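The following exercises are to be worked with the sequence and the model at hand. Each task is followed by a solution in steps.

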Amino acid sequence: MTKPLVTILDDEPAIRTMLADALEDAGFRTIGFGRAREFEAALKHQTPDVCLVDLSLPDTDGLTVVHKLALEKGAIVIIISGRAKVQDKVTGLELGADDYIIKPFDPAEVVARIRARLRSSKAEPQSSNSAIFNGWVAHFDSYLLIDAQGVETPFSHAEGEVLRLFLNSPKRLISRSQMQQSLGGAAGESFDRAMDVRISRLRTKLREDPKNPQLIKTIYGAGYIFLDDVSWT
């Protein structure tokens, strides 16, 4: 079995080395980059399983990289950053990151977070990667929503996690606590706000009326319900 590939985008060589040593000891393959330009060039040849991305890069804002990864590559994206403010964390998660780890960190924590994310991904049904509902087809292998006219709309890995959670449990209440347990990450304000943004973006992509959504319904104080029938292919 091929070892999962983790890319490390951080301009500090010591951090790249520390993470690479811990990850390779844990059974991962790693490639490190100090510049976003080098990292993006390498992505043209292969897509990693997990991308670790620092926000303070010398040649671009790491948030730009996170957003592009989330929309274009479908890889698991974990931010590693010294920016500890709640708003920085919320912004990173809103742009499509799957997790946010604040520096300084124990490399063992990074390894554990990566393993948790990969377990969550593998727990998803692999034989059924397309769902049909209300005139839409959601393709989780290519991260595309396709409407009845064939118009394609991409969604990020993080948005896909939330969408799959709804589609796996149609017409059942999903509480915030259940979402946190299923999707991982620390419970709290930043998680709740990130979920609100991801659900809002999914509603927009599904062309829902924000004042009266018919697919993803908010049950105030309780959670959410996906209201349509779903079939998997």
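**Exercise 1. The turn between β7 and β8**

How many residues lie between β7 and β8 in their hairpin, and which residue in the turn has a positive phi?

Solution. The model is a predicted one. First, the pairing is established: β7 and strand β8 (residues 144–146) run antiparallel and share 3 bridges. One pair can be located at once, since His139 has Leu144 in β8 as its bridge partner. Next, the connection is counted, and 4 residues separate the two strands of the hairpin. Finally, the backbone angles of the turn single out Tyr143, with a positive phi of about 55°.

**Exercise 2. The two faces of β7**

Determine which side chains of β7 are buried, and identify the strand that pairs with β7 over 4 bridges.

Solution. Step one is to follow the side chains along β7 (residues 136–139), which alternate. Trp136 and Ala138 point to one face and are buried, whereas Val137 and His139 point to the other and are not. Step two is the pairing: strand β6 (residues 130–133) is antiparallel to β7, with 4 bridges. Within this pair, Ile132 is bridged to Val137 of β7. The hairpin of β6 and β7 has 2 residues between the strands, and Asn134 there takes a positive phi near 50°.

**Exercise 3. The edges of the sheet**

Which strands stand at the edges of the sheet?

Solution. The strand order is written out first: β9-β8-β7-β6-β12, an open sheet of 5 strands with antiparallel pairing. The ends of this order are β9 (152–154) and β12 (231–232); each has a single partner strand, so one side of each lacks a neighbour in the sheet.

**Exercise 4. The buried side of α2**

Identify the buried residues of helix α2 and state how they are placed around its axis.

Solution. In α2 (residues 36–43), the buried residues are Ala36, Phe39 and Leu43. They span an arc of only 60° around the axis, and therefore lie on the same side of α2. The general rule is that an α-helix has 3.6 residues a turn, so residues three or four places apart point the same way.

**Exercise 5. The surroundings of Asp54**

Is Asp54 buried or exposed, and with which side chain does the side chain of Asp54 make a polar contact?

Solution. Asp54 is first placed in strand β3 (residues 50–54). Its relative accessible area is 3%; buried means under 20%, so Asp54 is buried. The polar contact is then found with the side chain of Lys103, at 3.5 Å. Beyond its neighbours within four places in sequence, the residues in contact with Asp54 include Leu9, Asp10, Asp11 and Ile80.

Note on methods
Residues are numbered from 1 along each chain as its sequence is written. This is a predicted model: local features need pLDDT of at least 70, side-chain atom pairs count only at pLDDT 80 or more; totals for chains, interfaces and linings use all residues. Side-chain values use heavy atoms; hydrogens and water are left out. Buried means under 20% relative accessible area, exposed over 50%, partly exposed in between (1.4 Å probe, protein chains only). The arc is that of the directions from the helix axis to the C-beta atoms. Two strands pair if DSSP finds at least two bridges between them. A polar contact is a pair of N or O atoms within 3.5 Å; within protein, one must be able to donate a hydrogen and the other to accept it, and residues adjacent in sequence count only if both atoms are side-chain atoms. Contact means heavy atoms within 4.5 Å.
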